[in-house]
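The following exercises concern the arrangement of chains, strands and helices in one structure. Please work through each task before reading its solution.

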Amino acid sequence: MSVWEIISIVACSLFVIGVITSRVVKRIKGKPTCDCGCDCAHCSGCYHSKVDKTKKDN
Amino acid sequence: MNKTLDQFSIGETGIVKAVIAEGKIKRRLFDMGITPGAEVFMRKRAPLGDPIEITLRGYELTLRKSEAACVNMEVTDK
Amino acid sequence: MKKIVLAGNPNCGKTTLFNSLTGSTAHVGNWPGVTVDKRDGVYKKTPENVAIIDLPGIYSLSPYTPEEIISRNYILYEKPDCIINIVDSTNLERNLYLTTQLLETDVPVVVALNMIDVVNKNGDKIDVKALEDKLGVPVVAISALKEKGLKELMDKAYEESRVVREGTTVLTDTPLARLIDDVKTALKKQNVENPLFHAIKLVENDSMELNTHKETAPMVEEFKKTFEDNTFGKDFEAIIADGRYKYISKNFAQTVTKKEKDKLKMTPSDKADKVLTHKIWGIPIFLLVLFAIFHLTFAEDFLYLGAIFNFPTLEELGLLTEDGEPINFGVQLLSTFYDGQIASPGIFIDHIWNDLIIGNLFGWLGGLVEDSSLSQWAIGLINNGILEGIAAVLSFLPCILTLFLFFSILEDSGYMARIAFILDKMFRRFGLSGRAFMPMIMGFGCSVPAMINTRTLADDKERTATVRVIPFFSCGAKLPILTAVAGAIVVYFGVGNADLITYGMYLLGIVAAIASVLLMRSTSLKGETPPFIMELPSYHTPQFKNLMAHLWDKGKHFVKKAFTIIIASTIVIWLLSHFSFAWQFLEDEQINDSILADVSKFVQPLFTPLGFGSQLGQYGWVFVVAVVAGLIAKENVIATFATLAACLTAVVGMDFGELAIDAEDGIDAVQSMIMATGITIPALISFIAFNMTTIPCFAAVGTAKAELGNKKSFKGTLLFWFLSSYIIGAMVYTVGSWWWTTFIWTLAIAITVMGIVFRNKHNKVGRNQL
């Protein structure tokens, strides 16, 4: 196996794991798992995530 | 002449005398400004004959005939 | 951080102000009830940063619908430091009704006279100073849209938030003033916050208040027994509402000077309304608008000009090479909008995006991978597993955006509220109010916000029924399934017309929704038809800024999804289809030995009655995979097709050239599916119908669960979705395959309807006897 093949396997698996864990984390935190990423305008979930973000900013 | 709001013909104007309804509907009608003394202008009916559209307190409101039947009116102007 | 809350009537511009103050792009529209949940942001131009909270619109502080409760509870219990009461200055009287109630709380209030530019333009005048004196709180004239007066407003609000205010009421002249005062004193002794406000609500018999102040309620009752008003008797609600409006007309009406107007002269809004809600033309115009939207988005043959005038095709003009490729770049450009027929704007954008951008980009990427020194499986993973799936999904972006643009125009112009007005009587037959139309049409965009918007419906049963049928209004993510399968049917079988099949499927969804609502409202969700009392907004030209914000939002959402959950799903599907249970790598041709194949074949028989089950032979399981992948996100259906089609192509030996990505990627994928499985047209249509009406994506299921708020009815909803899609799919397939089965279905439907009618009648008799 070449270096690139190993890299592609690792990248793909990391990606899949990343997407799945981010969803699980969202669900545990009680945020909606809608795919808007919580910054779509009409998703009620925005509210909570935006509060967290602004807190970090300050 | 007195009649209920649903009996108004298009273009008629009247003054609200009383609202004879119960619970949430009454509450909503009051909140939307249908209180005794308010002037109401009958604008139009929907294409299927119901609901109706009225102008009151400077804005447009739509409600069904069944709800308009709860509003007692006095006709002022034809 | 200080909390400043925006409160006001629906559709008075709260969210527009919120966006202007915080730089957000929250969804705004010209109809009452767009915002159904609180939302917050930060304003940074005051001495210290302040949090701005946008609330759903309310007409009064006695809530009527679930989203109004959110607003009321926030104002009363979350201790905001200041309320900015946004008032639509073109409609001062009704808007001030809420103001009189907000003033009764102990929270500092600043009144923002919004849309002052419209008032001035009409030639009217509002005396801000006089209004301020009468109300006893600061008043600032602003225009949220043009961002005028915002700094002054925020400075005033910030100042006010640092002082203590005590509630005041306009009801001091009414006969109830003494009672209110007594109750207030009693509540004060109990250390209740906002005593004046609660005292008045108690006197008003507000049901929420009666429950929270059980000790004080009897005292109020006691007093009420001795009370009698000349005009209203014991109708306390009426006395108070009347008192408020009387005070407003007496004191605030003078602050407005209206320009003398010719009563007969119609405003442009009136003229538009006269046509759009015309007695006879209203409904045909509505149908025409809907048809125009779909036609502009999907029609390959714009206005059917090609069919009428019989234009020559590019091939007949000799502009194509023998392989059917354009001879030069100019012809390629021409082909984006002309090929014997003129493409509608939607299709034109679609061609530009796919032929010139997506096609070339992914073709180039694919070639790069192909030419690298990677081994066969790595190339397969990257090309088939990732690139094809993404390309297939992204290729539908222009279609979705075009469709969405038209719906945004409907929403922003004020026509949407009129459609509810026009259709209310029809909706009532189905046991809904015209208000339910709004969330339904939002469902064409995405089910998630549509389901959340059902909060504006006052009746619980109506809400449940509406939430359940929203997925039947085919959302943007389902659109690729529709167009890809319809396109493949036309290309492969050479029958029909792709855009007609697409319209047909949208219609089927609507019919299914109507039938389901009727069924539910006459069986499990029986109840009175909810009332319909709604404000109709004035028409205005859609704001370019708003339209772009809507589109940007929609596009971002779609692309983000493609690059996260869709890629992850296609990678998993590729892996499962290229490894056997023995964890051995399989070539494309060996796909039938894969884990995916083994598992899906197990489920496959379930779909036999729908036409895409066992009868499709050894490769038929690919449709099962697509359906299941679609439960995660509906875009996955097409992404899965693209990934698996690459393997099937190897099996059936169909040659797409270097890489199977080209202009009509999804369509090609479906074609190779058809070749490999021998699926029939009815089965394909049944497949679309099933996907359209079945359990929606994860996100929508989660939202439905949250909005229904009741475990039992949520489980019922899942079952309902599965059963209805199964029945619809089976019906489409059997009727399409064997015409005489129509009689069996008709009979079955007739028996069901009669059974329900009979049972309902029987029950009614039973009830009457009791």
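The exercises below treat a predicted model.

**Exercise 1. Chains and domains**

Task: Determine which pair of chains has the most contacts, and how far apart the centres of domain 2 and domain 3 of chain C are.

Solution:
- Step 1. Two pairs of chains touch, and chains B and C share the most contacts.
- Step 2. Chain A does not touch chain B; 26 Å lies between their nearest C-alpha atoms.
- Step 3. Within chain C, the domain assignment lists domain 1 (2-160), domain 2 (171-257) and domain 3 (740-770).
- Step 4. Taken over C-alpha atoms, the centres of domain 2 and domain 3 of chain C are separated by 50 Å.

**Exercise 2. The sheet of chain C**

Task: State the order of the six strands in the open sheet of chain C, and explain why one side of each edge strand is left without a neighbour in the sheet.

Solution:
- Step 1. The strand order in chain C is E2-E3-E1-E4-E5-E7, and the pairing is mixed.
- Step 2. The edges are occupied by strand E2 (39-43) and strand E7 (139-141) of chain C; each has a single partner strand, so one side of each lacks a neighbour in the sheet.
- Step 3. From one strand to the next, the twist averages 25°.
- Step 4. As a local example, strand E4 (residues 82-88) and strand E5 (residues 109-114) of chain C pair in the parallel sense over six bridges. C:Asp88 has C:Asn114 in E5(C) as its bridge partner.
- Step 5. Helix H2 (residues 66-77) of chain C packs on this sheet, where it touches strand E1 (2-8), strand E3 (50-54) and E4 of chain C. The direction of H2 makes about 140° with that of E1(C).
- Step 6. Helix H5 (residues 128-135) of chain C also packs on the sheet, touching E5 and E7 of chain C, and its direction makes about 155° with that of E7(C).

**Exercise 3. A helix pair**

Task: Describe how H13 and H18 of chain C pack, giving the angle and the distance between their axes.

Solution:
- Step 1. Helix H13 (residues 282-298) and helix H18 (residues 397-413) of chain C pack at an angle of about 155°, and their axes are 9 Å apart.
- Step 2. Angles over 145 degrees count as roughly antiparallel, therefore H13(C) is roughly antiparallel to H18(C).
- Step 3. The crossing of the two helices, H13(C) and H18(C), is right-handed.
- Step 4. H13(C) contributes C:Ile293, C:Leu296 and C:Thr297 to the contact, while H18(C) contributes C:Cys399, C:Thr402, C:Leu403 and C:Phe406.
- Step 5. Sorted by class, the contact of H13(C) with H18(C) comprises five nonpolar, two polar and no charged residues.

Notes:
Residues numbered from 1 in each chain as written. Chains lettered and ligands numbered in written order. Predicted model: local features only at pLDDT ≥ 70, side-chain atom pairs only at ≥ 80, totals over all residues. Domains from an automatic or database assignment. Axes fitted to C-alpha atoms, helices over the stretch in contact; angles between N-to-C directions. Helix = DSSP H or I, 4+ residues; strand = E, 2+ residues; numbered from the N terminus. Parallel < 35°, antiparallel > 145°, perpendicular 65-115°, else oblique. Left-handed = near helix turned anticlockwise from the far one by under 90°. Contact = placed C-beta atoms within 7 Å. Nonpolar A, V, L, I, M, F, W, Y, C, P; charged D, E, K, R; others polar. Pairing = 2+ DSSP bridges.
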